[in-house]
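Trainee: Got a minute to go through this model with me? I would like to start with the overall picture and then look at some local details.

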Amino acid sequence: MKILTLGGLRIRPVVIVLQERPEKTGFILRELNSKGIYPDEFNGFNSTDSGLETRHPYELDSPGSGWNIGRKGVGIWLSQYSLLSALLWQPDDYFLILEWDAKFAPDWAGRTDKAIRGTPKDFDMLYLGSCCAQGPNKKHISGDVWEVNWPMCNHATIVAKKAIMDILRTQRKVYAPWDISLLLHTFEQTKKKVYCVLPRIVDQFDTVLQP
């Protein structure tokens, strides 16, 4: 692992991987290393091998449907929650949390440095990668930095340690996708200061994201 120094902050990069998928782990590590990012690896929950499920339906989009996020959604949820719990024990104040499909733009370092310098110093989360963030309620902060209520996707997010306890405290029911669960139970309830870089700096491999 190599600490990143960007925008005057020291940031520990961490990527969620699965030991059962060494080919995907190797792929994302090669991609990140080629961009000068050498992260810690956090071993997440494999949706197939763990067998973990939730009995709680997610029906916000379709009331009465009984729709369930399934094993994959549960694995992602628990991986994100477990990683945040582990990061509380690290000495760092800021973390770059990555999923294994994070696709960084070639000019990511300069844009990220500039974005951090233009973000309010008391921020809780800064989305380098996001989706569905072009709604009418966004507020321009500086440069490419916007306050968005609220962004989706969590493939590349800088998280301040001071935000972690509130996230863990408010995320106790596994039923919604992780990004939606943050929106429903954490951001507004705990007055989190959440910002996005738009256009995003980090896309996803093999996925076409909404702006």
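Mentor: We can take the whole chain first, then one helix, then some backbone details.

Trainee: What kind of model is it, and how are residues numbered?
Mentor: It is a predicted model, where local features need pLDDT of at least 70, side-chain atom pairs count only at pLDDT 80 or more, and totals for chains, interfaces and linings use all residues. Residues are numbered from 1 along each chain as its sequence is written, and side-chain values use heavy atoms, with hydrogens and water left out.

Trainee: How many helices and strands are there?
Mentor: The protein chain has six helices and eleven strands. These are DSSP runs numbered from the N terminus, with helices being H or I of at least four residues and strands E of at least two.

Trainee: What is the radius of gyration?
Mentor: The protein chain has 16 Å, which agrees with the value near 17 Å for a compact globule of 211 residues. The radius is taken over C-alpha atoms, and the globule rule is 2.2 Å times the number of residues to the power 0.38.

Trainee: And what share is buried?
Mentor: Buried residues make up 51% of the 211. Buried means under 20% relative accessible area, exposed over 50%, and partly exposed in between, with a 1.4 Å probe and protein chains only.

Trainee: Switching to α4, which residues are buried there?
Mentor: In α4, residues 108-117, they are Trp108, Arg111, Thr112, Ala115 and Ile116. Seen down the axis of α4, they fall within an arc of 130 degrees, so they line one face of the helix. The arc is that of the directions from the helix axis to the C-beta atoms.

Trainee: What is exposed on the face turned away from that side?
Mentor: Gly110, Lys114 and Arg117.

Trainee: Where are the cis peptide bonds you had in mind?
Mentor: One joins Asn149 and Trp150, with omega about -5 degrees, and Trp150 lies in the loop between β8 and β9. Another runs from Leu198 to Pro199, with omega near 0 degrees. Most peptide bonds are trans.

Trainee: Pro151 is in that β8-β9 loop too. Is Pro151 buried or exposed?
Mentor: Pro151 is buried, at 0% relative accessible area. Pro151 touches residues including Tyr127, Cys131 and Cys196, where contact means heavy atoms within 4.5 Å.

Trainee: What is phi at Cys132 and Cys153?
Mentor: Phi is near 55 degrees at Cys132 and near 75 degrees at Cys153. Cys132 lies in the loop between β6 and β7 and is partly exposed at 44%. Cys153 is in strand β9 and is buried at 10%.

Technical notes. Lists of a residue's contacts leave out its neighbours within four places in sequence.
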